[in-house]
Amino acid sequence: MTDKLTVLVDNIAEEPFESEHGFSLLIEWKGKRILFDTAQHDSLFHNAAELGVSLENLDALILSHGHYDHGGNLAGILERNPRMPFYAHPQCLQDRYSRHGKDDVRRVSLSEKDRAAVLALPGDLYIPCSGATEVFPGLWISGSIPRIYDDEDTGGAFYLEKEAVHPDLIPDDMSIWVDHGEDLSLICGCCHSGLRNTVDYIRQLSGGKAVRMILGGYHLKHAGENRISRTIEFINRNRIQKIVPAHCTGKTAMERFANELDGDVTLSRVGLKVALS
């Protein structure tokens, strides 16, 4: 496989790899090496070493959104790649919190160390992407994704402050698509915008091309049965050939995907390689 995706960090791993609640993916496309998200802990560096993947001399780093489990090693990766362009939504650095109970509010934004590393980047290396952006020929970042389907929520009780007053709609959530010519592959980080919203928007941006494959987190962990059912119907109706659910998709959604989707379903895990050709 020349053009391929390699899962570096995910919630599922077998020895000698390490798992964690986080996500990181190496994209190899037309001779370029792009890191998509940087997970949370040191599993990124351990797993990369086990896979023989160098985290130096990268051609680009793309951040799906500003949560700790997707940007936890930004400082370390930026230090290893001092002239690498960094692509992210301009709102990825804001403070954000998640409420798990009445009195249980946790900070889920990027760490101060990682945020400082981004702010210290030279202006020509920090490339904010609020709209669709072509990183390399055929490889695009979505920018902000319109929320059309009413039931596609962000997947949790997210807020902009500790007091949990203003909901965080996570407008910085972005996905990547790869244009194969006749059709597309879609790569999601957490898909807080909703899978149906994301697919429809990517198809709109690409002139209506079909989506061949989707890999990534779909954030259906807290979704009800009806939303999961509508997602399955949508995937089957769009004849998406390959689904690789990862990270925050959730056990229930993964099990239903395996049993009810018409296309090929492969559960993501650390070390998985998926062809992009």
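In this predicted model, the largest pocket has a volume of about 390 Å³. Its lining comprises 20 residues. Those nearest the centre of the pocket are His21, Ser98, His100, Phe158 and His222. By residue class, the lining divides into 10 polar, 6 nonpolar and 4 charged residues. Strand S6, residues 97-101, supplies the largest share of this lining, with 3 residues.

The loop between strand S5 (86-88) and S6 contains Leu93. The relative accessible area of Leu93 is 14%, so Leu93 counts as buried, the limit being under 20%. Beyond its neighbours within four places in sequence, Leu93 is in contact with Leu110, Arg115, Val118, Leu119 and Tyr126. On the other side in sequence, His65 is 28 residues away along the chain from Leu93. The C-alpha atoms of Leu93 and His65 are separated by 8.9 Å.

A second loop residue, Asn73, sits between strand S4 (60-62) and helix H2 (74-80). Asn73 is buried, at a relative accessible area of 7%. Its side chain reaches two backbone oxygens. A polar atom of the Asn73 side chain lies 2.7 Å from the backbone oxygen of Thr38. For the backbone oxygen of His41, the corresponding distance to a polar atom of the Asn73 side chain is 2.9 Å. Both Thr38 and His41 are also among the residues that Asn73 touches, not counting those up to four places away in sequence. The others in that set are Ala39, Gln40, Asp42, Leu44, Phe45 and Asp114.

Thr133 lies in strand S9, which spans residues 133-136. The relative accessibility of Thr133 is 19%, and the residue therefore counts as buried, because the cut-off is 20%. The side chain of Thr133 reaches the backbone oxygen of Gly131 at 3.0 Å. With neighbours within four places in sequence left aside, the contacts of Thr133 are Tyr87, Leu139, Trp140 and Ile141.

Side chains of opposite charge can pair when their charged atoms come close. A search of the whole structure finds 20 salt bridges. One of them joins the side chains of Glu152 and Arg227, with an N to O distance of 2.7 Å. This pair links distant parts of the chain, 75 residues apart. Glu152 is in the loop between strand S10 (139-141) and strand S11 (158-159), whereas Arg227 is in helix H5 (residues 225-237). Both Glu152 and Arg227 are buried.

A further salt bridge connects the side chains of Asp179 and Lys209, at 2.9 Å from N to O. Here the partners are 30 residues apart. Asp179 belongs to strand S12 (residues 175-179). Lys209 is in the loop between helix H4 (195-205) and strand S14 (210-217). The relative accessible area of Asp179 is 22%, which makes Asp179 partly exposed. Lys209 also counts as partly exposed, at 23% relative accessibility.

Arg212 forms a salt bridge with Asp183, the closest N and O atoms being 2.9 Å apart. Arg212 lies in strand S14 and Asp183 in strand S13 (residues 183-188), so this salt bridge ties together parts 29 residues apart in sequence. The two ends fall in separate accessibility classes: Arg212 is partly exposed at 22%, while Asp183 is buried at 14%. Elsewhere, salt bridges with shared partners join several residues into one network, made up of Asp151, Glu152, Asp153, Arg196, Arg227 and Arg230.

Arg196 is also one of the buried residues of H4. The others are Leu195, Asn197, Thr198, Val199, Tyr201 and Ile202. An α-helix has 3.6 residues a turn, so residues three or four places apart point the same way. The elements that cover the buried residues of H4 include S12, S13, S14 and H5. Just after H4, Gly207 takes a positive phi of about 80 degrees.

Note on methods
Residues numbered from 1 in each chain as written. Predicted model: local features only at pLDDT ≥ 70, side-chain atom pairs only at ≥ 80, totals over all residues. Heavy atoms only, no water. Helix = DSSP H or I, 4+ residues; strand = E, 2+ residues; numbered from the N terminus. Buried < 20%, exposed > 50% of the residue type's maximum accessible area, 1.4 Å probe, protein only. Polar contact = N/O pair within 3.5 Å; in protein donor to acceptor, adjacent residues only side chain to side chain. Contact = heavy atoms within 4.5 Å. Salt bridge = Lys/Arg side-chain N within 4 Å of Asp/Glu carboxyl O. 1 Å grid on protein atoms, 1.4 Å probe; cavity = no way out; pocket = protein on both sides within 12 Å on 5 of 7 lines; lining within 4 Å. Points joined across faces, edges and corners; volume = space filled by probe spheres on them. Nonpolar A, V, L, I, M, F, W, Y, C, P; charged D, E, K, R; others polar.
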